[in-house]
Amino acid sequence: MGKHEKTLQQVLLGRSDANIAFADLRNLLLVLGFDERVRGDHHIFTRSGVEEIMNLQPIGAKAKPYQVRQVRNVVLRYKLEL
């Protein structure tokens, strides 16, 4: 199992939302086909066919738990796969 699969599994399980590295979550979104814009520490992700615009900011090296939940909801709602 590759790094992206492990990150996706970790996000979908929802057991450790506060313990996901921001870089891993960012890379997962890029692999899922999202486009990224960066303004300061705000990483804004969009994808055609997905209504939601995700705005992620790191806390140190970690992703914010509520933003991990937001990513999980989008992945499940739109049935996104690697």
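**Reading a predicted fold, one feature at a time**

Student: Let me start with a side chain: does lysine 3 count as buried or exposed?

Tutor: Lysine 3 counts as exposed, because its relative accessibility is 56% and the cut-off for exposed is over 50%. Keep in mind that this is a predicted model.

Student: With which residue does the side chain of lysine 3 meet in a salt bridge?

Tutor: To read a salt bridge, look at the N to O distance, which has to be within 4 Å. Here the partner of lysine 3 is aspartate 24, at 3.5 Å. Lysine 3 belongs to helix α1 and aspartate 24 to helix α2, so this pair ties together parts that are 21 residues apart in sequence.

Student: How many salt bridges does that rule give in total?

Tutor: The count comes to 4. One of them joins glutamate 36 and arginine 26, with an N to O distance of 2.9 Å. That pair links distant parts of the chain, since glutamate 36 sits in strand β1 (residues 35–39) and arginine 26 in helix α2, 10 residues apart. Glutamate 36 is partly exposed at 24% relative accessible area, and arginine 26 counts as partly exposed at 26%.

Student: Which residue does the side chain of glutamate 52 meet in a salt bridge?

Tutor: That is arginine 77, at 2.4 Å from N to O. Glutamate 52 lies in the loop between β2 (42–46) and β3 (54–56), while arginine 77 is in helix α3, so the pair ties together parts 25 residues apart in sequence. With a relative accessible area of 23%, glutamate 52 is partly exposed.

Student: Now the helices. Which residues of α1 are buried?

Tutor: For a helix, ask first which residues are buried, then which way they point. In α1 (residues 3–13), the buried ones are Thr7, Leu8 and Val11. Looking down the axis of α1, these buried residues fall within an arc of 100°, so they line one face of the helix.

Student: What covers the buried residues of α1?

Tutor: The cover includes α2 (22–31) and α3 (65–77).

Student: And what sign does phi have in the glycine after α1?

Tutor: Glycine 14 follows α1, and its phi is positive, near 75°.

Student: Which residue other than glycine has a positive phi?

Tutor: The general idea is that most residues other than glycine have a negative phi. Lysine 79 has a positive value, near 50°. Lysine 79 is found in the segment after α3 and counts as exposed, with 69% relative accessibility.

Student: Let's move on to the sheet. In what order do its strands come?

Tutor: When reading a sheet, check the order, the sense of pairing and the edges. The 3 strands here form an open sheet in the order β1-β2-β3, with antiparallel pairing. The edge strands, β1 and β3, each pair on one side only. On average, neighbouring strands of this sheet are turned by 25° against each other, direction ignored.

Student: Over how many bridges do β1 and β2 pair?

Tutor: They pair over 5 bridges, in the antiparallel sense. For a concrete one to display, take aspartate 35: its bridge partner in β2 is threonine 46.

Student: Which helix lies across β1, β2 and β3?

Tutor: It is α2, which runs at about 25° to β2. You have already met α2 as part of the cover over the buried residues of α1, and as the helix that holds aspartate 24, the partner of lysine 3.

Key
Residues are numbered from 1 along each chain as its sequence is written. This is a predicted model: local features need pLDDT of at least 70, side-chain atom pairs count only at pLDDT 80 or more; totals for chains, interfaces and linings use all residues. Side-chain values use heavy atoms; hydrogens and water are left out. Buried means under 20% relative accessible area, exposed over 50%, partly exposed in between (1.4 Å probe, protein chains only). Helices (H or I, at least four residues) and strands (E, at least two) are DSSP runs, numbered from the N terminus. The arc is that of the directions from the helix axis to the C-beta atoms. Contact means heavy atoms within 4.5 Å. Two strands pair if DSSP finds at least two bridges between them. Axes are lines fitted to C-alpha atoms, for helices over the stretch in contact, and angles run from 0 to 180 degrees between N-to-C directions.
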